[in-house]
Amino acid sequence: MEDQTRFGVEGGAERLRIISTADIAFFEPMVDPFLTAHPDTEIEYVVVSSAELMRALQDENETFDLAISSAMDLQTKLANDGMALRHSSSATLSVPAWAVWNDMLFAFTQEPAAIVISNAGFADLPVPKDRHDLIDLLRNHPDRFRGRVGTYDVRASGLGYLFATQDTRASETYWRLTEVMGALDARLYCCSSDMIDAVASGELLIAYNVLGSYAMNRVGQDAFSIVLPTDFTTVMLRTVLIPKAAASPDLAREFVDHLLVQAHAAPTDGVAAELEQIETSLNRIRIGPGLMVFLDQLKKRAFLSEWTNAILQD
């Protein structure tokens with residue numbers, strides 16, 4: 001478990017337990033309006049990694065009312081394996097088709113994988129517009145970027161693995177970029193927040209495949225810039241499901257509807273505005289069984305072997 005907090009009234013008449021991969025600061029604005037409508041409710045919010053979330057529901061039989069994750073492939077597997085309750089309402093019926101799968105999995109954010117760059121580090125360099133620009137930049141300035149490029153450790157991060165596999169589906173450029181980063185002793189991270197902090201502090205000059213939503217919502221953005229690649233921008237859909245063992249399934253359904261109404265009724269946040277501008281280059285990850293292809297153990301071992309050889313060069 002990475003973090004835990006409680007919202008609302010301790011010992012309230014209603015109680016909702018949420019297990020999630022989203023940072024508390026990211027999720028808190030979504031909770032407050034719900035508590036206004038449910039003033040006698042206690043919400044326990046537990047932050048874990050995507051792998052820990054999977055274990056808690058699949059192997060450890062933990063009782064949570066909602067499971068929220070950025071790892072769409074793992075969420076799809078939970079739903080596909082019969083670990084989620086179905087839910088249908090006016091809210092679920094009014095969202096775009098890409099935001100719902102089998103009345104079990106619901107997308108309530110669109111979050112792009114971005115390149116985050118240090119403004120100080122790029123004071124005398126052009127800002128890369130796409131992956132080809134980034135590859136050229138790294139190759140032309142190896143001394144500048146050696147040890148100062150960061151990306152996910154896809155062996156440990158479910159979201160990092162999802163982004164990497166989706167990148168390879170979209171273009172072979174990913175493998176060239178990974179090899180270039182590996183030759184520059186890229187630093188590997190578990191999560192977007194740590195990468196963004198490292199760029200903000202000057203420890204890194206570039207972080208690749210960072211969650212754009214985290215960067216856009218971070219305090220102190222004057223230290224870095226956010227690039228949504230124009231060749232293609234992979235967009236993760238953060239999803240919510242109601243676990244089969246939920247103790248408060250009705251309250252959970254209300255919270256799902258609340259999230260969907262907030263997300264799809266009038267999306268006006270900075271992320272939505274950015275995505276509208278680059279609609280033609282969006283690679284929105286589709287919810288569904290296709291996501292489980294790279295969860296096959298043979299395919300996963302082969303992918304991780306190739307990735308390790310590219311990123312961890314002798």
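**Salt bridges in a predicted model**

Good morning. I begin with one pair: the side chains of Glu42 and Arg15 meet in a salt bridge, with 3.9 Å from N to O. Glu42 belongs to strand 3, residues 41–47, and Arg15 to strand 2, residues 14–20, so this contact ties together parts that lie 27 residues apart in sequence. Please keep in mind that the model before you is predicted.

How is each partner of this pair placed with respect to the surface? Glu42 is buried, at a relative accessible area of 5%. Arg15, in turn, is partly exposed, and its relative accessible area is 36%.

Let me turn to a second pair. Arg131 forms a salt bridge with Asp167, and here the closest N and O atoms are 4.0 Å apart. This pair, too, links distant parts of the chain. Arg131 is in helix 5, which covers residues 131–140, while Asp167 is in helix 7, residues 158–170. The separation is 36 residues.

Are Arg131 and Asp167 buried or exposed? Arg131 has a relative accessible area of 1%, and since the cut-off for buried is under 20%, Arg131 is classed as buried. Asp167 also counts as buried, with a relative accessibility of 0%.

My third pair is found within one helix. Asp250 and Arg253 meet through their side chains in a salt bridge, at 3.8 Å from N to O. Both residues are in helix 11, residues 249–264, and because they are three residues apart there, about one helical turn separates them. Asp250 counts as exposed, at 57% relative accessibility. Arg253 is partly exposed, with a relative accessible area of 23%.

Salt bridges may also share partners, and in this model such sharing joins Arg6, Arg15, Arg17, Glu42 and Glu44 into one network. The opening pair, Glu42 and Arg15, is therefore part of a wider set, and that pair connects strand 3 with strand 2.

How many salt bridges are there in the structure as a whole? The count comes to 13. As general background, side chains of opposite charge can pair when their charged atoms come close.

Finally, a word on cysteines. How many disulfides does the structure hold? The number is zero. Among the cysteines, Cys190 is partly exposed, with a relative accessible area of 46%. Cys191 is likewise partly exposed, at 25%.

To close, I return to the three pairs: Glu42 with Arg15, Arg131 with Asp167, and Asp250 with Arg253. Thank you for your attention.

Note on methods: Residues numbered from 1 in each chain as written. Predicted model: local features only at pLDDT ≥ 70, side-chain atom pairs only at ≥ 80, totals over all residues. Heavy atoms only, no water. Helix = DSSP H or I, 4+ residues; strand = E, 2+ residues; numbered from the N terminus. Buried < 20%, exposed > 50% of the residue type's maximum accessible area, 1.4 Å probe, protein only. Disulfide = S-S within 2.5 Å.
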